[in-house]
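Here is a walk through one fold and its charged pairs. Have the viewer open and follow along.

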Amino acid sequence: MDLNSDLGESLGAWRMGDDDAMLAIVSSANVACGFHAGDSAGILQTLRRAAEHGVVVGAHVSYPDLAGFGRRHMDVASADLMADVIYQIGALQGLATAAGTRVRYVKPHGALYNTIAHDERQARDVIAAIHAIDPSLYLVGLAGSPLLDWAQASGLRTVAEAFADRAYTPQGTLVSRREKGAVLHDAHEVAARMLRLATEGVVTAIDGSTVRIEAESLCVHGDSPGAVQMAREVRALLERSGVRVQSFVDAAPSEALR
């Protein structure tokens, strides 16, 4: 099971999360590309640390929304959205090369992530952008969403993702951040939930019902309060229970041939 976190999100004097601590825990790092957060020097530093820890790097692409941290929906024209995604991946690829690592996957951020999970037009724009710059990249998306089917049909490799620190609806979607109880904070509870998801493929929804979620990667948001402790608890419990934590890239048998 992969364990990922959103990193590289500090911007100038504004510090976000603890990248160094998280990189000692996670197997994959979703690194900001400057559109929702992150500055070039900070992103480069995060990439260097990821390389030192042997953590796989992905491009955390977003709508152009620094003021809203990429969490505001935007009705972006197809040509603009495709160019924005290509631009962000390309920028991160350049910085990754300088840091001694490489970009292996794409994980959209925030509102873009939630929109393309079900909006076919914007989803296909992002898929087309990945094909245009590097079709060998994986696309990480919400488990059970149509996005994964559209991407697979196009020839992209996909990774189904679940969220450790977010509540789920009975339909298997994320509870809106505007709703009470949408973000989880108890590290022990979160770890127990993720162990059940990893071993049984189910999670308890916000109404107490059980919902099936088949995921290959678990995300702990780097900007959540207590994120490091939460990620540490999740990894420790998974490993004590016999679940190996490794990136989906490392787990892919074909990667050794690349």
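What follows starts with the sheet and its strands, then turns to the salt bridges.

Keep in mind that this is a predicted model.

**The barrel**

Let's begin with the sheet. Its 7 strands close into a barrel, and going round you meet them in the order E1-E2-E3-E4-E5-E6-E9, with parallel pairing. On average, neighbouring strands of this sheet are turned by 35 degrees against each other, direction ignored.

Strand E1 (2-7) is a good place to look. How many of the 6 residues of E1 are buried? The count is 6 of the 6, so E1 is largely enclosed by the rest of the structure. You can see that from both faces: Asp2, Asn4 and Asp6 point to one side, Leu3, Ser5 and Leu7 to the other, and all of them are buried.

E1 has a parallel partner on either hand. With E9 it shares 4 bridges, and there Leu3 has Leu218 as its bridge partner. With E2 it also runs parallel, again through 4 bridges, and here Asp6 stands opposite Asn30.

Elsewhere in the barrel, strand E5 (residues 138-142) runs parallel to strand E6 (residues 157-163), and 5 bridges join the two. One of the residues involved is Tyr138, whose bridge partner in E6 is Arg157. Helix H8 (residues 227-240) packs on the sheet as well, touching E1 and strand E9 (217-220), and its direction makes about 155 degrees with that of E9. Helix H2 (residues 40-53) lies across E1, strand E2 (28-32) and E3, running at about 170 degrees to E2.

**Charged pairs**

Now for the side chains. Side chains of opposite charge can pair when their charged atoms come close. In this model the count comes to 10 salt bridges, including the three in the table.

| Salt bridge | N to O distance |
|---|---|
| Arg72 and Asp65 | 2.4 Å |
| Arg124 and Glu120 | 2.8 Å |
| Arg121 and Asp125 | 2.9 Å |

Two of these rows belong to one helix. Arg124 and Glu120 both lie in helix H5 (residues 120-133), 4 residues apart, or about one turn. Arg121 and Asp125 are also in H5, and because they are 4 residues apart, about one helical turn separates them. How do the residues sit with respect to the surface? Arg124 is partly exposed at 39% relative accessible area, and Glu120 is partly exposed too, at 38%. In the other pair, Arg121 is partly exposed at 32%, whereas Asp125 is buried at 7%.

There is also a network of salt bridges that links Asp6, Lys107 and Glu161. Asp6 is one of the buried residues of E1.

**A look at Asp65**

Is Asp65 buried or exposed? With a relative accessibility of 1%, Asp65 counts as buried, because the cut-off for that is under 20%. Its salt-bridge partner Arg72, at 44%, counts as partly exposed. Asp65 is found in the loop between strand E3 (56-60) and helix H3 (78-99).

Which residues is Asp65 in contact with, leaving aside its neighbours within four places in sequence? They are Phe35, His36, Gly70, Arg71, Arg72 and Met74. For Arg71, the backbone nitrogen lies 3.5 Å from a polar atom of the Asp65 side chain. Arg72, for its part, meets Asp65 side chain to side chain in the salt bridge of 2.4 Å.

Conventions: Residues numbered from 1 in each chain as written. Predicted model: local features only at pLDDT ≥ 70, side-chain atom pairs only at ≥ 80, totals over all residues. Heavy atoms only, no water. Salt bridge = Lys/Arg side-chain N within 4 Å of Asp/Glu carboxyl O. Buried < 20%, exposed > 50% of the residue type's maximum accessible area, 1.4 Å probe, protein only. Polar contact = N/O pair within 3.5 Å; in protein donor to acceptor, adjacent residues only side chain to side chain. Contact = heavy atoms within 4.5 Å. Pairing = 2+ DSSP bridges. Axes fitted to C-alpha atoms, helices over the stretch in contact; angles between N-to-C directions.
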